[in-house]
Amino acid sequence: MTSAHPSTDRTPPGYRLLQVLGRGQTSLVHLARDPQGREVALKVPLEGTLRQQEAAERFANEVRLTLQFRHPQVIRGYAGSPFGGQAYLALRYYPEGTLADALAGRGGAALSLPLALRLLAQLASALAYLHGLGVVHQDVKPHNVYLDGGRAALGDLGSAYFTAQGGRASGSPFYMA
């Protein structure tokens, strides 16, 4: 990667950027190699995210929650820093991408019923785990479901909150209950 890339000067020490995987409204996600040598999805907030208090707090929330939770159907966080110019989140890399990617690759065709039911059961397991801890995800949508070998993991915990601490309604309007 060259220094012309927006997040290169904020690459966490020990990580080597391999390629850009995607860009969201608040972050840039790279395929990277971490200090242990494994491929990870390295999520780095955009400069504008760091300048907006609410966006910066949501990124920090995602880092804290992702690193805290351990469930096979919740995306695994390996390392991260929630605040400041060195904020980042290193996540398990899912080479198959998201459920949204899979559906788009099918030209809009539906998933097979057995696969759809298996993914739904796995997402229900992730939500039951989170709800058992008193956490509301708020943004369950195909773009936040990661796939690997017919298995699903729920990601993007930036809008999630513990009910005991309260939170505001957040997420993607088309997918909100």
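**Figure 1. The buried pair Lys-141 and Asp-139 in the predicted model.** Both Lys-141 and Asp-139 are buried in this structure, which is a predicted model. Between the two side chains there is a salt bridge, in which the closest N and O atoms are 4.0 Å apart. Side chains of opposite charge can pair when their charged atoms come close. By the rule applied here, the count of salt bridges comes to six, and the pair of Lys-141 with Asp-139 is one such bridge.

**Figure 2. The salt bridge of Asp-148 with Arg-92, and that of Arg-33 with Glu-39.** Asp-148 forms a salt bridge with Arg-92, and here the closest N and O atoms are 2.3 Å apart. This pair links distant parts of the chain, since Asp-148 belongs to strand E7 (residues 145–148) and Arg-92 to strand E5 (residues 88–92), with their positions 56 residues apart in the numbering. Asp-148 has a relative accessible area of 27% and is therefore partly exposed, and Arg-92, with a relative accessible area of 29%, is likewise partly exposed. In the other pair, Arg-33 forms a salt bridge with Glu-39, the closest N and O atoms lying 3.6 Å apart. Arg-33 counts as partly exposed because its relative accessible area is 28%, and Glu-39 is placed in that class by a relative accessible area of 36%.

**Figure 3. The hairpin of strands E7 and E8.** Strands E7 and E8 pair in the antiparallel sense over four bridges, and Asp-148 stands opposite Arg-151 in E8. Two residues lie between the strands of this hairpin, and Gly-149, which is in the turn, has a positive phi of about 60°. The side chains alternate along E7, so that Val-145 and Leu-147 point to one face and are buried, whereas Tyr-146 and Asp-148 point to the other face and are not buried.

**Figure 4. Thr-98 and its contacts.** Thr-98 is found in the loop between E5 and helix H3 (99–105). With a relative accessibility of 10%, Thr-98 falls under the 20% limit and therefore counts as buried. When neighbours within four places in sequence are left aside, the residues in contact with Thr-98 are Pro-142, His-143, Val-145, Tyr-146 and Leu-147.

**Figure 5. The largest nonpolar core and a separate core.** In soluble globular proteins, nonpolar side chains tend to be buried together. The largest nonpolar core of this protein has 16 residues, and those with the most contacts inside it are Phe-69, Leu-130, Val-145 and Leu-157. Helix H4, strand E7 and strand E8 (151–154) each supply at least two residues of this core, and the largest share, four residues, comes from H4. Leu-130, with its neighbours within four places in sequence left aside, is in contact with Phe-69, Val-74, Val-135, His-137, Leu-154 and Leu-157. Apart from the largest core lies another, of nine residues, which include Ala-41, Val-63, Leu-89 and Tyr-94.

**Figure 6. A nonpolar patch on the surface.** Leu-113, Leu-117 and Leu-120 make a nonpolar surface patch of about 320 Å². Leu-120 lies in helix H4 (residues 113–132), and because its relative accessibility is 54%, Leu-120 counts as exposed. The protein as a whole exposes about 9,300 Å², of which carbon and sulfur atoms supply 55%.

**Figure 7. The hairpin of strands E1 and E2, with the order of elements in the protein.** Strand E1 (residues 16–23) and strand E2 (residues 27–33) pair in the antiparallel sense over six bridges. Three residues form the connection in the hairpin that joins E1 to E2, and Arg-23 stands opposite Leu-28 in E2. The protein contains four helices and nine strands, and from the N terminus on its elements run β-β-β-α-α-β-β-α-α-β-β-β-β. Of the 177 residues in the protein, 40% are buried. Among the contacts with a separation of 6 or more, 51% are between residues 24 or more positions apart.

Definitions and conventions. Residues are numbered from 1 along each chain as its sequence is written. This is a predicted model: local features need pLDDT of at least 70, side-chain atom pairs count only at pLDDT 80 or more; totals for chains, interfaces and linings use all residues. Side-chain values use heavy atoms; hydrogens and water are left out. Patches are made of residues with over 30% relative accessible area and no salt bridge: like charges are joined within 9 Å, nonpolar side chains (Val, Leu, Ile, Met, Phe, Trp, Tyr) within 5 Å. Accessible areas come from the Shrake-Rupley method with a 1.4 Å probe; for residues, only the protein chains shown count as cover. Buried means under 20% relative accessible area, exposed over 50%, partly exposed in between (1.4 Å probe, protein chains only). A nonpolar core is a set of buried Ala, Val, Leu, Ile, Met, Phe, Trp, Tyr and Cys residues joined through side-chain atoms within 4.5 Å. Contact means heavy atoms within 4.5 Å. Two strands pair if DSSP finds at least two bridges between them.
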